[in-house]
Amino acid sequence: MIGLLAASVLLFQDTPRLRVELPNKATVFVERFEKAPTFSIHLVAASRGTEETPQTHGLRHVLEHLVVKGPRGNLDGELERRGLFLRAFTYRDAMVVSIEGRNDQLDEGLRAIGEILGPFEPTDESLKKEVGIIKSELAISSDATRLLSASWIQAFGDNGLDPLGDPEVMSKATPAQITAFRTKLFSPKNLVLAISGSFDTDKTTNKAKALLAKIAPGEPLTFLDRGPFKSGRTNAAGCYGELRSSPTSGCLDDDFAAKLIAGMAITALVPGSSLTYTFTNRPALISVSRSVDNSGLGMAIDGATQTDIAGAWGLGKRMAYYWIEGKLNDPTEHTRIRAILLATGTSRLPEEMLEAINRVTFAQYEKAFKAFQSDSSVIAVGGDR
Amino acid sequence: MISLLVALSIATGPRIVEDAIPKANDIAVQVMVKLPELDARELAMARVLESSLLSGTSEFTQAQLLDMTSRTGEPIRCVLMPDHLRFQFSMPKGSLDSAAIVSNSVIRYAELNQEVVSSKLQTLPLAYRSYWSEAIENRKPDYSRIRLSALTEFYHHLFRPENVTIAVSGAFEEGKAKEAFQKFLQDWKPEKDTYPKFHLVDFAPWVSQRKRTITTVELYSELLPSDTGKNLMIASIMGLGKGSLVFQVIREKLGLSYRQEAFLWPSQSGIQLRIITVLSEGKEPKTAIEAIRKSLLEAVDSLTDDSLYRASSLLESSWTENLIGAPILSEPSRPVGTSPMDRAYLVAYGALKTGTPWNQNQLLEKVKSVKLDEVKPILKTAIEAASVRIVSGN
């Protein structure tokens, strides 16, 4: 029998936190980690109203490249010279811009966020340059990324388009279109500004509020309904390997916890495989893939005996628990995940994921494991070496 | 705080180095064996060993090994690098004896069974590798004529007391790790090494298995492993951050690539500076590589004291605040950071490569003492004399 998994030190417990919803519906979230040597700021823009469609496929990605350049075109380089680091990611449910640095540089980080939220004037030339860079990025995307993109299309059709984009659509984008798209994406209801570090919580909250308060309320926006999950097999172009995906509800739910344990158990059973999931409060896919060959992962999952499944239960549960705990014990990751959860519609705490993992029973795990088998999951296979 | 690194060799036994970190929650263990110069067949054997060493020992099954080492999120695994083979794992605070028992068992009593080895011999030659892993390692192993008996002999040849370095980092008091590992390893005496001394199988020309037409071009050159401070400084100047020479020259000035990296990588004879560029579509590799070489040399001429300050500050950000990846890798695409596992890696690797355990703070001090007039000639020579490697899909 597996006992409750409990970490010796959970850094995020008893952390002073402050969450404020502004009159324009933007959210500020600040949490203080007394001994953290660095701060992190996460500007999260939920994709409500700007999700990928065949007509807009990749516009958020182009926008991400453009906004992080700032008004002088080199914001990330300027920050780095002063010892601050900017990273940006575009996921299906949110765009995340993160800035990290020493605690005494927090104001510089906030100034940079102000520039990202400030005047935005893309030109034909800047747009063309970034689309060119994204084309290079797409050309070298990994096998796992391509398998994953194919599996989302199989699962949700056009409602599962990847956030990387379609070069043809991006090439046709105009500065006016991108500017209008940014206004929608940066609508206050979509925005969460989350900050972690060792600082005065009230003062930091006020500074963050000042950055978001001036944005005018936008039109009411809702998330696109992805529709029902459709299992089945799909061939992924331009890549090699095999992937299995299973649908999950939000990452705080028991269903996700059981599938995370099952996914981890599969990675323990199949050498060279890895698990992919992006934290969100929305329905999504959890996937296991392997690219060293394209016939082995599925056979191991479909052919797993009751003994195999039972044998991987303890290991899968521990791997799931420590994977999540490792993320939550990192102040930057903890705040980033909380910000994404807030942006995708819940004020529940990320640590509930650990409680959910502890609650999962063997029967729930076994059912979750079988959800990765061929009759219930999406199978994506790439045959182009 | 700089922790005290204590190295110990048990008479003719393995070198044990400990790195106590009082505030840590876990214990990280790195067990490293130095590789001799490998021929094509031995490289294949090393690859098979990497994927089958942890299949079980005479004391523990694979499931038991995984179970014992999965309580902190870093289960046991094996990694092959150009100059060493290692296995690594972590355990919770208070598990020093268990860590020593697991290490001792794999070091001395690994059971390579026919079924696992046969399966690896069938799958490894056909395994698909990404464009990046082909760029990193493109020697062609020869998997033919490998027998279980030869592999077992090779395992015992590598895992000999005088060839093993064990590093233990993390939550324990000074001296306790050494004591625990000594207890289980002190009766380990070198046995007669029956492995043949002569290498026979040359490397066949390498051919990519990939069909995707991604091309990587590389400049690589050998550095002196004992110049740790200078090596880290030049790798930081070349590869760290958006102000690095590879980013500024290859991506911003020449517009050749979305991905370009410069880092230190082990080689048999020492350590290499590797500059790898994934070419954007339509760029001709030979023209691109010479343009890269020329522009990098011009950029080296323009380096100033500020360039060195920027590079050492970024490395410090990496090793004190974990804000950016360092330009020294413990495996492909895995920069050495500050976790107990990474600290154990540096401790073991420094001891294995130079005879002196490394740690981040000591290395940073060395980097900060490097002067501009020392860096420029090394870097210019490294780029001018760099060999070229071009890897293309078919």
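The following paragraphs describe the two chains of a predicted model, the contact between them, and several individual residues.

The model is predicted, so that local features are given only at pLDDT of at least 70 and side-chain atom pairs only at pLDDT 80 or more, whereas totals for chains, interfaces and linings use all residues. Residues are numbered from 1 along each chain as its sequence is written, chains are lettered from A and ligands numbered from 1 in the order in which they are written, and side-chain values use heavy atoms, with hydrogens and water left out.

In chain A the secondary structure comprises 15 helices and 11 strands, where helices (H or I, at least four residues) and strands (E, at least two) are DSSP runs numbered from the N terminus. The radius of gyration of chain A is 21 Å, in agreement with the value near 21 Å for a compact globule of 385 residues; this radius is taken over C-alpha atoms, and the globule rule is 2.2 Å times the number of residues to the power 0.38. The C-alpha trace of chain A extends over about 60 × 50 × 40 Å along its principal axes. Of the 385 residues in chain A, 61% are buried, a term that denotes under 20% relative accessible area, with exposed meaning over 50% and partly exposed in between (1.4 Å probe, protein chains only). Among contacts in chain A with a separation of 6 or more, 82% join residues 24 or more positions apart, contact being defined as heavy atoms within 4.5 Å. The surface exposed by chain A amounts to about 15,000 Å², with 52% supplied by carbon and sulfur atoms; accessible areas come from the Shrake-Rupley method with a 1.4 Å probe, and for residues only the protein chains shown count as cover. Chain A carries 44 positive and 46 negative side chains, and the centres of these two sets are 2 Å apart. In this count Lys and Arg are positive and Asp and Glu negative, with His and the chain ends not counted, and each charge is placed at NZ of Lys, CZ of Arg, CG of Asp or CD of Glu.

Chain B contains 14 helices and 12 strands. Its radius of gyration, 22 Å, is close to the 21 Å that the globule rule gives for 394 residues, so chain B is as compact as a globular protein of that length. Along the principal axes, the C-alpha atoms of chain B fill a box of roughly 60 × 50 × 35 Å. Buried residues constitute 58% of the 394 residues in chain B, and residues 24 or more positions apart provide 79% of its contacts with a separation of 6 or more. The accessible surface of chain B is about 16,200 Å², with 51% belonging to carbon and sulfur atoms. Its side chains include 46 positive and 46 negative ones, and the centres of the two sets lie 3 Å apart.

Between the chains, 30 residues of chain A are in contact with 32 residues of chain B. The two chains bury about 2,800 Å² between them, 55% of it on carbon and sulfur atoms, buried area being the accessible area (1.4 Å probe) that two parts lose on being put together, summed over both. On the chain B side, Tyr128(B), Arg212(B) and Leu323(B) lose the most area to chain A, together 28% of what that side buries.

Within chain A, Ala94(A) belongs to strand 5 (residues 94-102) and is buried, with a relative accessible area of 1%. Its C-alpha atom is separated by 7.8 Å from that of Thr344(A), 250 residues away along the chain. Beyond residues up to four places away in sequence, Ala94(A) touches Val44(A), Ala45(A), Ala46(A), Ser47(A), Arg60(A) and Phe89(A). Pro122(A), in the loop between helix 3 (106-117) and helix 4 (124-139), is also buried, at 14% relative accessibility. Neighbours within four places in sequence aside, Pro122(A) is in contact with Leu66(A), Pro175(A), Ile178(A) and Thr179(A).

In chain B, Val201(B) lies in the loop between helix 7 (176-185) and strand 7 (215-223) and counts as buried at 13% relative accessibility. Residues touching Val201(B) from more than four places away in sequence include Asp142(B) and Arg145(B). Arg145(B), located in the loop between helix 5 (131-136) and helix 6 (148-158), is exposed at 58% relative accessibility and has a positive phi of about 60 degrees although it is not a glycine. Most residues other than glycine have a negative phi. A positive phi of about 60 degrees is also found at Ser333(B), which lies in the loop between strand 10 (329-331) and strand 11 (334-335) and is partly exposed, with a relative accessible area of 45%.
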